[in-house]
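Me: I have a model open and would like to go through its strands and helices with you. Shall we take the sheets, then the helix contacts, then a few single residues?

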Amino acid sequence: MTGIVVLGSTNMDLVAYVARAPKLGETVTGREFRTVPGGKGANQAVAAARAGGRVAMIGAVGEDEFGERLRHTLTASGVDTDLLRTAEGPSGTAHVVVDDEGGNAIVVIPGANGTVTRLVPGDETVIAAADALLLQLELPLSAVLAGAEAARRHGVRTVLTPAPAQPLPPGLLATVDLLVPNEHEAATLTGIADAHASAQALLRQVPEVVITLGAAGSLHAARDAGTVRVPAPRVEAVDTTGAGDTFVGALVVALGEGRPMPEAMRWASAAAALCVQRPGASTSMPYRTEIEA
Ligand code: ADP
């Protein structure tokens, strides 16, 4: 079984559904409220575990009731949370307003995620024993860098999802084996809108890149190989939240099983296509038997 460590965020998404979002100073009455466990790190961990990986999560939840629920969401999908700390203070939260047009406005408060500034004893041992370390950018960058460097020391494949989109400190990309941005994140890193050209520019900094292209599929480019484009299955998308995280989680499981990149991308596309046909993020991520089918 593929051993995967995720060093990343956990957030409780607090989602208000309204006809029209309020302007500053205004109060509106909304239609519905939901609390949805999320955070890119936790989402990738759940996706990888459901896809059949053996997954451990490093990060932090808060001491509040959200923290317990976030931890439970992970363990319920089979993720090992022994290294998930419980930090003083609140869990990370994302305050989301979704209007009738599907547009959204989001305030993210890192909470416990902000306390993860470095590795603690025990983390590196678990990273060293893994096949791959999954990283995103919702923890302090000092922790992301420390994780990537630890993985590098032990020859563990580092996979970075550079989200939320932002310019990166020099040095971080040098520790990355596989970069998996969406089109928008790739454009933020390179200043190039075209995905093919953006991938070529990224290869100057990382050996291998997979750019996800939404309904248009995904694109792989590597320094020592050509470019491969894999289409996404045509499906009726109802909620694309978590599609990218599902893709990455499944991709890494397949690569860890020794499948060649194009085959791993097709398998990850099948997983992500299942995710977008159901509402929610972590709740809509498919199990291995569904992906195989
Ligand atoms: P993110 O969710 O990070 O914004 P993308 O939108 O690129 O990333 O989606 C990630 C992957 O999810 C895509 O490469 C594709 O495989 C799958 N996907 C996303 N949207 C759709 C869709 N409408 N139909 C089928 N697959 C989709």
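Me: In this predicted model, which residue is the bridge partner of Leu 7 in β8?

Reply: Happy to start there, with a model that is predicted. Strand β1 covers residues 3–7 and strand β8 covers residues 132–135, and four bridges join the two in parallel. Within this pairing, the partner of Leu 7 is Leu 135.

Me: Which helix packs on that sheet, and what angle does its direction make with that of β8?

Reply: The helix is α4, residues 141–153. Its contacts reach β1, β8 and β9, the last being residues 157–160. Compared with the direction of β8, that of α4 makes an angle of about 165°.

Me: What is the strand order of the sheet with nine strands, and which strands are at its edges?

Reply: The sheet is open and its pairing is mixed. The order reads β5-β4-β1-β8-β9-β10-β11-β12-β13. Pairing on one side only marks the edge strands, which are β5 (84–87) and β13.

Me: Is strand β11 mostly covered or mostly open, and how many of its residues are buried?

Reply: Let's take the two faces of β11 in turn. On one side sit Glu 208, Val 210 and Thr 212, on the other Val 209 and Ile 211, and all are buried. Strand β11, residues 208–212, is therefore mostly covered, given that buried means under 20% relative accessible area. The count of buried residues is five of five.

Me: How does β11 pair with β10 and with β12, and which residue of β12 is the bridge partner of Glu 208?

Reply: With β10 (residues 178–179), β11 runs parallel over two bridges, and Leu 179 stands opposite Val 209. With β12 (residues 218–222), the pairing is antiparallel and has five bridges. In that second pairing, the partner of Glu 208 is Ala 222.

Me: Which residue in the hairpin of β11 and β12 takes a positive phi?

Reply: This is a nice one to check on a Ramachandran plot. The hairpin has five residues between its strands. The phi in question is near 60°, and the residue is Gly 214.

Me: Why does one side of β3 and of β7 lack a neighbour in the sheet?

Reply: These strands belong to an open sheet of four, ordered β3-β2-β6-β7, with mixed pairing. Both β3 (32–38) and β7 (104–109) stand at the edges, so each has a single partner strand. As for twist, neighbouring strands of this sheet are turned against each other, direction ignored, by an average of 15°.

Me: Which residue of β6 is the bridge partner of Tyr 17?

Reply: Strand β2 spans residues 11–17 and strand β6 spans residues 92–98. They pair in the parallel sense over seven bridges. In β6, Tyr 17 is matched with Val 98.

Me: At what angle do the axes of α1 and α7 cross, and how do the residues of their contact divide by class?

Reply: The axes of α1 (residues 40–50) and α7 (residues 243–256) come within 8 Å and cross at roughly 45°. That makes α1 oblique to α7, and the crossing is right-handed. Lys 40, Asn 43, Gln 44, Ala 47 and Ala 48 of α1 meet Asp 245, Thr 246, Val 248, Gly 249 and Val 253 of α7. By class, these are four nonpolar, four polar and two charged.

Me: And how many nonpolar, polar and charged residues does the contact of α7 with α8 have?

Reply: The axes of α7 and α8 (residues 261–276) come within 8 Å and cross at roughly 145°, again in a right-handed crossing. Among the residues in contact are Phe 247 and Leu 251 of α7, and Met 265 and Trp 267 of α8. The classes here are 16 nonpolar, two polar and no charged.

Me: Is Thr 227 buried or exposed, or partly exposed, and what is its relative accessible area?

Reply: Thr 227 is found in β13, residues 227–230. Leaving out residues up to four places away in sequence, Thr 227 touches His 196, Gln 200, Leu 219, His 220 and Ala 221. Thr 227 counts as partly exposed because its relative accessible area is 36%.

Me: Which two residues does a cis peptide bond join?

Reply: Look in the loop between β9 and β10, where Pro 164 lies. The bond has an omega of about 0° and joins Ala 163 and Pro 164.

Key
Residues are numbered from 1 along each chain as its sequence is written. This is a predicted model: local features need pLDDT of at least 70, side-chain atom pairs count only at pLDDT 80 or more; totals for chains, interfaces and linings use all residues. Side-chain values use heavy atoms; hydrogens and water are left out. Axes are lines fitted to C-alpha atoms, for helices over the stretch in contact, and angles run from 0 to 180 degrees between N-to-C directions. Angles under 35 degrees count as roughly parallel, over 145 as roughly antiparallel, 65 to 115 as roughly perpendicular and the rest as oblique. A crossing is left-handed if the near helix is turned anticlockwise from the far one by less than a right angle, and right-handed if clockwise. Contact means heavy atoms within 4.5 Å. Ala, Val, Leu, Ile, Met, Phe, Trp, Tyr, Cys and Pro count as nonpolar, Asp, Glu, Lys and Arg as charged, and the others, Gly among them, as polar. Buried means under 20% relative accessible area, exposed over 50%, partly exposed in between (1.4 Å probe, protein chains only). Two strands pair if DSSP finds at least two bridges between them.
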